[in-house]
Each structure stands twice: as C-alpha cells, then as structure tokens.
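Biologist: I am new to this structure and should like to learn how its helices and sheets are read. Would you please take me through them?

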Amino acid sequence: MHEMTSISGVLLDDAALTLEELARACNVEPEWVVRRVRAGILGGQPAVQITEWRFRSGDLLRARRLLRVERDFDANEDVAALVVDLGDEVRRLRARLHALGLD
Amino acid sequence: MEYKDYYQTLGVERTASADDIKKAYRKLVRQYHPDVSKHKDATEKTKEINEAYEVLGDAEKRAAYDALGQAPRQGQGFQPPPDWGRQYGQYDFGGGEGGSAEDIFADLFAHMGRGRSHRGGGAGAGMGGGGFQMRGEDIHAAISIDLRDAYQGATRTIGLRAGQQEKTLSVNIPKGVTPGQQLRLAGQGHPGIGGGGPGDLYLEIQFNPDARYRVDGSSVYQNVPVAPWEAALGAGISVPTPSGAVEVTVPPGSQSGRKLRLKGRGIPSSQPGDLYLILDVVLPPATSQRARELYETMARDLAFNPRERIGA
C-alpha cells in the first residue's frame with residue numbers, strides 16, 4: 001500500500017514546545033530538562049513558572065546534542081554543555097571560512 | 001534486506017564485553033565526529049557507527065541480533081527467521097528517518113525497549129481499558145532545501161514507513177525558514193501501541209551548501225565582484241540576489257570587504273533578515289598590450305603605496 005499525503009507542519013518558533021513536549025521529543029524525563037534549564041545550560045527562562053516555559057527550534061537542537069554527548073560518553077551535564085558549545089563555535093568558524101572562500 | 005555486521009562496524013569480536021563495545025564505540029565516535037573529522041564520509045560513517053551501537057550497546061537488542069546468527073556476510077541478502085519477530089517482540093518496518101531500503105535492517109531492532117531508554121520505564125505509557133497503551137515515538141529527521149526555497153516556500157517529498165505501510169509525505173516548507181529551525185508534523189511519527197496515539201515527526205531545516213551565499217540566522221551574506229573603477233569612482237550595478245536582481249549603488253572610494261546592507265532583503269522570516277553584499281574588487285588581467293599600458297600608466301602616475309599601513 002502506498003499513499004501520498006500533502007501536509008503542512010508548524011515551525012517550533014511559531015508554536016513553541018512545552019516542557020513535557022520537549023522532554024518527549026528527546027525521549028527523556030521532564031526532570032532532565034528542568035535540571036539543565038535551572039543550571040543555565042538549556043533555554044533561557046529559569047525565572048518564569050515551569051508551566052510557562054516554552055522551547056523553540058534552537059532549544060530542541062541543543063537538547064538533543066547535549067543528550068547525545070551525555071549518553072555517548074557518560075559525560076556530566078557541564079562537560080556536555082562545553083562540548084556542544086565548542087561544536088557550535090566550530091560550525092560558526094567553518095561558516096566564516098566558507099564565506100571567505102578558505103574552506 | 002541486506003545483512004549488516006554490526007560487530008565489524010565497531011571493530012570488535014562477537015564475544016566482546018559490553019564494556020569493550022562501549023569503548024570501541026566511543027573511540028569511533030570521536031574519530032568520525034563530523035565536526036572534527038577530516039574524513040570525507042564522516043557523516044555516513046557516524047551514522048553507521050550509531051546504528052551499530054544502538055543495537056550492540058543494548059543487551060536486549062544485542063541478544064536479538066545475535067539470534068539472527070552469523071549466517072550471511074556483510075551486505076548479503078538476508079531474511080530473518082520466520083519466528084524471529086514473535087520471539088523478540090514486535091518488529092515492523094516502521095519509520096526509518098527518511099526511510100530508504102537500507103534502513104530496513106536497522107528497523108528490525110528499532111522498537112525494542114521502547115519507552116525505557118531515558119524515560120525510566122515508560123513515561124507516556126499507561127494501562128488503558130485493561131491493556132498496555134503507549135504513544136508512538138517521535139521521529140527526528142533533517143530536510144535540505146536551497147536558500148531560494150526559504151525566500152519563496154517550497155514543497156518537498158519524503159518517504160516514511162509506518163507499520164507495513166509505506167507512505168510518502170509532501171511537506172510544505174513555509175516561506176521564511178532559517179537553518180536549524182524545526183518543523184513539527186503532528187501525528188506523523190511512529191504509530192502508538194495498544195491504541196496510543198502516534199508520535200510526531202520533527203524535521204530540521206538544513207540548507208544545501210551554496211558557494212555564493214552564507215546564511216547566519218535570517219541574515220544572508222553575498223560576495224559581489226566589482227571592477228576597480230566601480231569601487232574607486234562609485235557605480236550603479238545590478239546584482240543577482242536570492243530574491244531577484246537589485247540595483248545597488250557602490251559608493252566611491254570602496255575597498256574589498258566593504259559591506260552594503262540591504263535592509264529586509266535577507267530571509268523573509270517573521271522578522272525579515274538583511275542581505276549584506278560584500279564587495280570584492282577584481283582586477284582585470286594584464287594579458288593584452290592595452291591592459292598592460294593602462295597598468296603601467298597607473299603605476300607611473302598614481303602615487304600609491306599599498307603597503308603603507310604595514311610600514312613599507
């Protein structure tokens with residue numbers, strides 16, 4: 001059986017995820033997210049009530065990268081955050097090199 | 001389907017301990033990480049390594065994999081034994097990410113141990129009406145578009161497998177998307193179990209590399225070659241941009257690297273980005289007699305020292 005469906009999605013930046021939705025998308029418990037938000041590793045909203053927390057595209061991408069490093073290397077959350085930050089910086093610098101025709 | 005030798009992928013013996021498998025995996029992940037590796041096929045290799053470890057790093061999946069036997073060699077045609085699925089729990093061909101035929105083998109193991117990995121034994125699972133019920137897993141995949149598609153919106157076709165059914169989704173990519181944004185397609189993830197709802201499909205927007213442009217959020221940077229006299233004297237030039245040709249005024253006295261900002265002509269997201277044209281002064285080659293004469297005239301008549309700033 002083969003079917004063709006035309007479908008429109010929703011950009012997370014227009015309809016952000018709740019805490020529970022982000023946790024589900026990463027296949028983790030909400031506590032995993034809460035801990036990293038409170039530590040300033042993920043998202044940028046620890047002052048607001050938890051039920052009001054919202055997460056956008058960048059947060060989902062970052063959460064999945066953090067999780068990958070933590071799982072792959074049994075890394076603690078701070079080390080994982082450092083690795084992910086360094087990876088972001090490498091990508092940023094590579095983009096600059098590309099723009100300058102140096103890659 | 002094609003048999004995959006996951007032990008060979010990780011470079012370990014079939015008798016390797018769980019600890020050895022983890023060590024081998026970590027070594028390979030570091031070696032082929034796309035952000036640091038110089039290998040041309042680093043991304044593909046990382047995918048293979050992850051797939052192998054998804055199975056061999058999980059005791060239950062490894063046992064099921066081992067039960068398939070050593071029979072065929074890597075890459076050979078293969079069918080699991082008829083009772084294998086019953087013995088090792090449900091298997092279906094559900095949802096490779098962007099599913100191609102090669103993913104079918106990995107899918108044999110994809111659903112084992114669902115809901116227990118980091119969710120402590122089945123968050124999202126419940127006993128509904130006396131039976132076990134669990135929402136389907138979300139699927140994460142990436143979709144690549146051209147920069148022009150972000151200016152206009154686009155439709156992309158992706159193939160997915162859900163249960164025994166293959167389906168093709170025609171996905172509308174909205175105008176104004178930027179790299180890294182996630183498009184959520186509700187209900188298009190893995191099917192649920194026991195009446196649980198399906199998961200969602202998350203598509204990460206990626207841009208195909210384009211030597212002409214650099215994208216940073218919704219800002220777009222584009223190099224624009226100009227002639228020396230256009231840069232020196234100023235000129236009105238026509239520049240092809242992702243949103244069509246625009247007429248631009250090059251200010252007199254411009255140098256290579258000067259940025260001209262075209263407000264609102266970046267990616268048209270909810271807050272439209274800007275387009276930055278970076279001037280690149282290109283010299284005409286001195287290959288003809290006339291060209292050489294002109295350069296010689298400039299050399300003689302212009303008191304110009306290009307190395308003044310470095311103390312020459």
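**Reading helices and strands in chain B**

Modeller: On one side of helix 4 of chain B, B:Ala59, B:Ala63 and B:Ala67 are exposed, where exposed denotes 12 or fewer other C-beta atoms within 10 Å of a residue's own, buried 20 or more, and partly exposed in between, with C-beta atoms placed from the backbone. The model is predicted: local features need pLDDT of at least 70 and side-chain atom pairs count only at pLDDT 80 or more, while totals for chains, interfaces and linings use all residues. Residues are numbered from 1 along each chain as its sequence is written, and chains are lettered from A and ligands numbered from 1 in the order in which they are written.

Biologist: Which residues of helix 4 of chain B are buried?

Modeller: An α-helix has 3.6 residues a turn, so residues three or four places apart point the same way. In helix 4 (residues 59-67) of chain B, the buried residues are B:Lys61, B:Ala64 and B:Tyr65. They cover an arc of only 100° around the axis, which puts them on the same side of helix 4 of chain B; the arc is that of the directions from the helix axis to the C-beta atoms. Helices (H or I, at least four residues) and strands (E, at least two) are DSSP runs, numbered from the N terminus. B:Gly69, with a positive phi near 85°, follows helix 4 of chain B.

Biologist: Which residues are buried in helix 2 of chain B?

Modeller: They are B:Ile21, B:Ala24, B:Tyr25, B:Leu28 and B:Tyr32. These cover an arc of only 100° around the axis, and therefore lie on the same side of helix 2 of chain B. The face turned away from that buried side carries the exposed residues B:Asp19 and B:Arg30. The buried residues of helix 2 of chain B pack against helix 1 (6-10) and helix 3 (42-56) of chain B, contact being C-beta atoms, placed from the backbone, within 7 Å.

Biologist: How many bridges join strand 10 of chain B to strand 11 of chain B?

Modeller: Two strands pair if DSSP finds at least two bridges between them. Strand 10 (residues 235-241) and strand 11 (residues 244-250) of chain B run antiparallel and are joined by seven bridges. These two strands of chain B form a hairpin with two residues between them. B:Ile237 has B:Val248, in strand 11 of chain B, as its bridge partner.

Biologist: What is the order of the open sheet of four strands in chain B?

Modeller: The order is 8-9-13-12, with mixed pairing. Strand 8 (213-216) and strand 12 (259-262) of chain B stand at the edges, each with a single partner strand, so one side of each is left without a neighbour in the sheet.

Notes: Two residues are in contact if their C-beta atoms, placed from the backbone, lie within 7 Å.
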